[in-house]
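Biologist: I would be grateful for a close look at one part of this structure, namely the way its helices pack against one another. Please begin with one helix pair, and then set it beside other parts of the structure.

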Number of protein chains: 2
Amino acid sequence: MSQLTIIDLAAKLGLSKSTVSRAFRNSSDINPETKARILAMAEELGFSPNTHASNLRGSKSQTIAIIIPEFGNKFFSLAIKGIELVTRSKGYHTLIYVTDHQVQNEATIVRSLSNGRVDGVIMSASGEGHEHNHIKQLRSKNIPIVFFDRNYDDINTVYVTGNDEEASFKATEHLIENGCKRIAYLVINKNISIGKVRMDGYAKALAKHGLPFDDHLVLDTVNEAEENCKDIRQLLRESRPDGVVASVERLAISTMRVAREEGLKIPDDIKLIGFSCLDITDLVQPSLSVVKQPAFEMGKIAATYLFESLAKPLNLKEQETTILESTLIYQDSSKKS
Amino acid sequence: MSQLTIIDLAAKLGLSKSTVSRAFRNSSDINPETKARILAMAEELGFSPNTHASNLRGSKSQTIAIIIPEFGNKFFSLAIKGIELVTRSKGYHTLIYVTDHQVQNEATIVRSLSNGRVDGVIMSASGEGHEHNHIKQLRSKNIPIVFFDRNYDDINTVYVTGNDEEASFKATEHLIENGCKRIAYLVINKNISIGKVRMDGYAKALAKHGLPFDDHLVLDTVNEAEENCKDIRQLLRESRPDGVVASVERLAISTMRVAREEGLKIPDDIKLIGFSCLDITDLVQPSLSVVKQPAFEMGKIAATYLFESLAKPLNLKEQETTILESTLIYQDSSKKS
């Protein structure tokens, strides 16, 4: 393929160079049919505009960053699919970053982005606390950010999330209705956004049904399976729950493993429901009851908000939350004995 | 945070501007300790070099692209973790692209990358065929590419993959040793690299044990679960296999579902082994026998090769394959009845 320029392409199409150039700049100031014709010809000839050069002119990277705490869980992969559906339709690239749940990593990543590498950021937050200078720095550079799933509530932007409190309330109530009296709540960091909100739902369901909130039944543990299995084993032995609400998928999985090792039968000895987007909950033994979040939808909507704020800054006075409904799927793991 | 420049940073450290600049350019021409000191101070002050500006000067994007056919299967998420371990240690960014198994999408993505957006590409190929102009265009721009898992064998570069033929041979032989006589091979596109290589291993194991290779027992199907379940159902009904080698995870999952619906017991009526990096094979019912590829290692090694070829073009006369060993994990799904 020889070095094809925008001038060659314009000549082939019988159009002006500036018209062709507008097609690649994603300008609205061009007839959609003309634009389609230009892009089709460019595709056919294997021409792509020099992004370096167009970065300079438009000072836009045509790239957005997705920052997530972890990779390879179904929730985030579905959310990213939703985001990419939107970004691709806008002709944008996506950079995906994983923080490993470390707010320091998040800060390093965000800082490295604040000098023009991306036009906007979609993030599921990794930390708690109140010092979010890295986010403020980003915003001072007029790079908009949208949160999904996990947020920092002191940042005035859009936050797209599931109806976590309500879903957690329903999941807990479901266990109560199936006879559980000592329900444990398993969480990774009960102080961060989703951990906290899901615990509120759990606590409200207990209160509604006159069950005490017992600190010994709340297990705040870690991501690493080896470590959280140890904690869950201790919980099962010492606090003898008859039901478990796992606020994240990996803790539901660990509970299944530990229960098996401890000779506890699910659902006879202990019932289990967990937040999960796993697509083989029907194949595990017993089939797993889950709160399934609308991950794909969530990504799509977060990306749509980001492009809105790229087109016109939102200037919100407070954080604006969009809540999407989760689906509760009751299977064998929470069945009445 | 005010606009900190590289000059301010150099002054704070008592170093020359060019030394500080080298730390950010990932130059080898700098004392590692000095570099660490510069990066630590930059981190502390929230300084990041202006990538736009440094792109221009060095004409390097400090970014590599990862192109994969799909997202949200454990194999690719582990491989990406391996790649990111290396890229992050080099101070590089990664762009992740998903082709949805469409070679047209792959071509569009690759073309959009060939004008300076990335310095190199790590790819698991989406297509078959022989016309790989998009890859050739990339190489004509001196952007190196490394394949992992799935390759195009006409491109002279490095290819990092599992010992698929041998692993597939062993998996098939394992089913034969457990009494199977009519073993089906399930694949998504038997003509692309891994589909073909894994079928070779299957065929060789049959031949070694004097079993006929029967075309009716080879099912070439699609990614979509609904569609491939229909195909698998037809296979189970019409060709009555007593064993199944699934060349990809999703086909093992679909086989479990269809067998259950058809009232076939695994392993009593039909035995199953599949390529998979799923981490809950012990929790599915029955526990699933798998060929587990070293996905994380594969990503790490592919990235290491890419950085080698960024440092010094490889100029290979033919494709150079690095083969990594998979682990066979035998569980209940393939047990002798």
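Modeller: The model is a predicted one. The pair to begin with is in chain B, where helix α10 (residues 225–239) packs against helix α11 (residues 249–261) at an angle of about 55 degrees. The axes of these two helices are 9 Å apart. Oblique is the term for angles that are neither roughly parallel, roughly antiparallel nor roughly perpendicular, and α10(B) is therefore oblique to α11(B). The crossing in which α10(B) passes α11(B) is right-handed.

On the α10(B) side, the residues that take part are B:Ala225, B:Asn228, B:Cys229, B:Ile232, B:Arg233 and B:Leu236. They meet B:Leu251, B:Ser254, B:Thr255, B:Val258, B:Ala259 and B:Glu261 of α11(B). Sorted by class, this contact of α10(B) with α11(B) holds seven nonpolar, three polar and two charged residues.

One residue of that contact, B:Cys229, leads to the matter of disulfides. A disulfide is a covalent bond between the sulfur atoms of two cysteines. With a cut-off of 2.5 Å between cysteine sulfur atoms, the count over all chains is zero. A:Cys277, for instance, takes part in no disulfide, and the nearest cysteine sulfur to it, at 20 Å, is that of B:Cys229. Buried means a relative accessible area under 20%, so A:Cys277 is buried at 4%. B:Cys277 also counts as buried, with a relative accessibility of 3%.

In chain B, B:Ser276 lies in the loop between β9 (271–275) and β10 (289–292). With a relative accessibility of 4%, B:Ser276 counts as buried. Apart from neighbours within four places in sequence, B:Ser276 is in contact with B:Glu249, B:Val290, B:Val291 and B:Lys292. Of these partners, B:Glu249 belongs to the residue range of α11(B), 249–261, which ties this loop back to the helix pair described above. B:Asn133 stands 143 residues from B:Ser276 along the chain, and the C-alpha atoms of the two are separated by 32 Å.

A second pair in chain B can be set beside the first. Helix α8 (residues 164–177) and helix α9 (residues 193–208) of chain B have axes that come within 7 Å and cross at roughly 40 degrees. That angle makes α8(B) oblique to α9(B). Here, too, the crossing is right-handed. From α8(B) the contact draws on B:Asp164, B:Glu165, B:Ser168, B:Phe169, B:Thr172, B:Glu173 and B:Ile176. The residues they meet in α9(B) include B:Ile194, B:Val197, B:Arg198, B:Asp200, B:Tyr202, B:Lys204 and B:Lys208. By class, the contact of α8(B) with α9(B) divides into seven nonpolar, three polar and seven charged residues.

Chain A provides a further pair. The axes of helix α5 (residues 74–89) and helix α12 (residues 295–311) of chain A come within 7 Å, with a crossing at roughly 40 degrees. These helices, α5(A) and α12(A), are therefore oblique to each other, and their crossing is right-handed. Among the residues of α5(A) in the contact are A:Phe75, A:Leu78, A:Ile83, A:Leu85 and A:Val86. The residues of α12(A) that take part include A:Phe296, A:Met298, A:Ala303 and A:Phe307. In this contact of α5(A) with α12(A), 11 residues are nonpolar, four are polar and two are charged.

Two buried residues of chain A add local detail. A:His134 is found in helix α7 (residues 133–140) and is buried, with a relative accessible area of 5%. Beyond its neighbours within four places in sequence, A:His134 is in contact with A:Val103, A:Glu106, A:Ala107, A:Val110, A:Arg111 and A:Tyr152. A:Thr157 lies in the loop between β4 (145–148) and β5 (158–162) and is buried at 4% relative accessible area. Not counting residues up to four places away in sequence, A:Thr157 touches A:Arg139, A:Ile145, A:Val146, A:Phe147, A:Leu316, A:Glu318, A:Gln319 and A:Glu320. One of these, A:Arg139, falls in the residue range of α7(A), 133–140.

As for chain A in overall terms, its secondary structure comes to 12 helices and 12 strands. Its C-alpha trace spans about 75 × 40 × 35 Å along the principal axes. Of the 337 residues in chain A, 56% are buried. Among contacts in chain A with a separation of 6 or more, 72% are between residues 24 or more positions apart.

How values were computed:
Residues numbered from 1 in each chain as written. Chains lettered and ligands numbered in written order. Predicted model: local features only at pLDDT ≥ 70, side-chain atom pairs only at ≥ 80, totals over all residues. Heavy atoms only, no water. Axes fitted to C-alpha atoms, helices over the stretch in contact; angles between N-to-C directions. Helix = DSSP H or I, 4+ residues; strand = E, 2+ residues; numbered from the N terminus. Parallel < 35°, antiparallel > 145°, perpendicular 65-115°, else oblique. Left-handed = near helix turned anticlockwise from the far one by under 90°. Contact = heavy atoms within 4.5 Å. Nonpolar A, V, L, I, M, F, W, Y, C, P; charged D, E, K, R; others polar. Buried < 20%, exposed > 50% of the residue type's maximum accessible area, 1.4 Å probe, protein only.
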